[in-house]
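Please look through the structure shown below, and then follow the paragraphs that come after it, which move from single side chains to the arrangement of whole chains.

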2 protein chains.
Amino acid sequence: MSESFFSSRWVDSPPGTDELSPSALAPGFRAAGTPCGLKAGGGTDLGLVTCDAEDVASAMLLTRNAAAAAPIRVCRDHTVADRIRAIIVNSGNANASTGQQGMADALRMRSEAAEALGFEAGTVAVAETGVIGVPLDIESVSGGIAEVAGALSAEGATAFTEAISTTDQWPKYVTAELDGVTVSAQAKGAGMIEPGFATMLCFIQTDAVLDDADADLRSAVGGSFERITVDGQMSTNDAVVIQGSGMSGAPLPAGLLDAILRQLAIEIVADGEGASRVGLARVVGAATEVEADRVARAIANSPLVKTALLGRDPNWGRIAQAAGMALAGEDVGELGPDEIEASELGGPEREVELTLTLRRGEAEAGIWFSDLTHDYVTLNAEYTT
Amino acid sequence: MSESFFSSRWVDSPPGTDELSPSALAPGFRAAGTPCGLKAGGGTDLGLVTCDAEDVASAMLLTRNAAAAAPIRVCRDHTVADRIRAIIVNSGNANASTGQQGMADALRMRSEAAEALGFEAGTVAVAETGVIGVPLDIESVSGGIAEVAGALSAEGATAFTEAISTTDQWPKYVTAELDGVTVSAQAKGAGMIEPGFATMLCFIQTDAVLDDADADLRSAVGGSFERITVDGQMSTNDAVVIQGSGMSGAPLPAGLLDAILRQLAIEIVADGEGASRVGLARVVGAATEVEADRVARAIANSPLVKTALLGRDPNWGRIAQAAGMALAGEDVGELGPDEIEASELGGPEREVELTLTLRRGEAEAGIWFSDLTHDYVTLNAEYTT
């Protein structure tokens, strides 16, 4: 491949990493995507990924939103999190705020997929993304399950990625190999989803032996999907799932999962609603990591900083104000040009960094964020229910 | 007056309230505004308000932003908060992030005003609003102090209001009388202030006897300026000051200060950066007031809700999502159309309400907010430092 998947300035893949065709899943996995009729225009909207290994290891992280969608509740309350053999996904309907019928529909979607695969229902996860507050057309989904199960292929990641995408402007997926271990991952980002939900989903497959899938996933997500913001809004449907077939007999190579998830996370920001640039708000010299994180998030979520990113304005005053708000009531001394390096905001690059130096300790944190643009306003004001 | 100052649907002035000319200050007060050269174009930019009564009672509330401007630090650390005779204000320069020179300039501005008035320096407050990170032209300010002190008049509130305004599209001031007590108040709102600070200032004068000015102010501000958001950003320069001359010999009539500050607060939202509509996000049935407030703020600050307000989209799903984010990790049951009344968002009115009903208790809260518009993005992206 002429252009590497690991294209961000903030991502270094471990030395020796080989990129394979992203349509090829890690050994031991198959996937497919087919149209079932949820998306207008007949787009691919039903996806399935399965692990051939009965002794699969897995972990998942789900949105904590109190208005979580039915599929999130199914995963949280009715799934064996560390033994997920398959995930059935639709795009086009989030099945959120759909009440008891929504729960029944998500459970039926899941049980029919399990039946088609011959798996225990509790080992099948379900994810959905799209319009919310609208009953799921479960008959359409049901009608597509046999087809998607019949189409499973070791080369099916392209169709699967299409099936989980909504308004993503480019597919976000990769397959990479290092030290005899392959990791494949497919993500969808925070596009405009009528009537206004941005959901992030990511599915990861590997032939590594995952001794502690939960710890591996939390660590990699902690440095990637948990460090991004488009508009500071927590979705009702966010889900990240990792599955390991163990077929390589080797552990996860150090750094590979981190690099893959970080690149995917930055691409989600870059493809955020109306986004034209990606910023990294860095805070160093904070008293604690919690404080560094809070200040970095306040900067990254400030509409004044986000419009300065759009306007190529190296406006350190807006950064001082946002940081001062996050540290309200504290005595932080002067926050001026000596403490705030924001010159890259004024430059031409698509990926820029700003750094605030506090003089309170040694802790640091960074948050990636997109700019606030006219397209964001247009996308979100003009779509109506 | 044909049109009442108390024009918002959410404000009722107490029965019997008379509106006087807003240029007339409450008995015992004089004010003035003159140009001193800070504002480009020679606009009125230096204001002074004084109380004739030596035994003035007063209170002030200041921003808690850790990057607070020099005038805020002067008020907080070097002023007798309950004995404020005068306030000297400039617009055009916020004197924020200006270091030790900024503190020296604010103290000099204050001591020269005190000298011109024959007051103790500690009884004079100082407020500033405008560009930040730029040294104050203290010589210009100094040159204007004698003139503004010489122009003090019982009818000076119009010039004073002009002197504290930046990009306000209309003056925000009132004088009202009830039960033999007069209250006058002047405010400036959250306009675009190069390079990106929105400051709210409000000065209140009354001839009432203020037995507990601090409690009166906190209570009225708690139902007004603390319940609004334009873009969720806490300013470096916000200040609200009340002064009582006691000349009426009567206490503050119940409800008058509340109504005045609430109307002014709603006007600040209505005149917020690029704003075209004002929404009130109400949360009822919360477990605690803190919870109700947190959920209402999450709704009011959600860019998805703010663009729905612009787009006249009665999008209850975005309200559910924002509330769910504020209640992350809690079990709140369904948040659907039965719990969320958002139909006014879709209507033609300029002032609209939305209500979320939780089923967790009896507490409630409301936050006024503006919509997020193209003008907001333009104003904040196109002004550069």
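A search of the whole structure, over all chains, finds six aromatic pairs. One of them is formed by B:Phe160 and B:Phe203, whose rings meet edge-to-face, with 5.6 Å from centre to centre and 70 degrees between the planes. This pair links distant parts of the chain, since B:Phe160 belongs to helix H4 (residues 157-164) of chain B while B:Phe203 belongs to strand S9 (residues 201-206) of chain B, and the two residues are 43 apart. It should be kept in mind here that the model is a predicted one.

Are these two side chains buried or exposed? B:Phe160 counts as buried because its relative accessible area is 0%, and B:Phe203 is likewise buried, with a relative accessible area of 1%; the cut-off that this reasoning needs is that buried means under 20%.

Aromatic rings also take part in another kind of arrangement, in which a charge is placed over a ring. In chain A, A:Arg85 lies over the face of A:Phe119, at 4.0 Å from the ring centre. In chain B, the charged end of B:Lys172 sits over the ring of B:Trp170, and the distance to the centre of that ring is 4.9 Å.

From side chains we can turn to the strands of chain B. Five strands of this chain make up an open sheet with mixed pairing, and their order is S10-S15-S12-S14-S13. Its edge strands are strand S10 (228-229) and strand S13 (340-341) of chain B, each of which pairs on one side only. S13(B) is joined by two bridges to strand S14 (residues 351-357) of chain B, and these two strands run antiparallel. If you look for B:Ile340, you will find that its bridge partner in S14(B) is B:Leu356. Helix H6 (residues 256-270) of chain B lies across S10, strand S12 (278-286), S14 and strand S15 (363-370) of chain B, and this helix runs at about 45 degrees to S15(B).

Finally, how are the two chains related to each other? Chain A is superposed on chain B by a rotation of 180 degrees with 0.0 Å of shift along its axis, and the RMSD is 0.0 Å. The two copies are therefore related as by a two-fold rotation axis. In chain A, the C-alpha nearest this axis belongs to A:His374, and it lies 2.9 Å from the axis. The same surface serves both copies, as 100% of the contact residues of chain A recur in chain B.

Key. Residues are numbered from 1 along each chain as its sequence is written. Chains are lettered from A and ligands numbered from 1 in the order in which they are written. This is a predicted model: local features need pLDDT of at least 70, side-chain atom pairs count only at pLDDT 80 or more; totals for chains, interfaces and linings use all residues. Side-chain values use heavy atoms; hydrogens and water are left out. Rings of Phe, Tyr and Trp (its six-membered ring) pair if their centres lie within 6.5 Å; planes under 30 degrees apart count as stacked, over 60 as edge-to-face and the rest as tilted. Helices (H or I, at least four residues) and strands (E, at least two) are DSSP runs, numbered from the N terminus. Buried means under 20% relative accessible area, exposed over 50%, partly exposed in between (1.4 Å probe, protein chains only). A charge sits over a ring if NZ of Lys or CZ of Arg is within 6 Å of the ring centre and within 35 degrees of the ring normal. Two strands pair if DSSP finds at least two bridges between them. Contact means heavy atoms within 4.5 Å. Axes are lines fitted to C-alpha atoms, for helices over the stretch in contact, and angles run from 0 to 180 degrees between N-to-C directions. Copies are superposed by least squares on the C-alpha atoms of residues with pLDDT of at least 70 in both.
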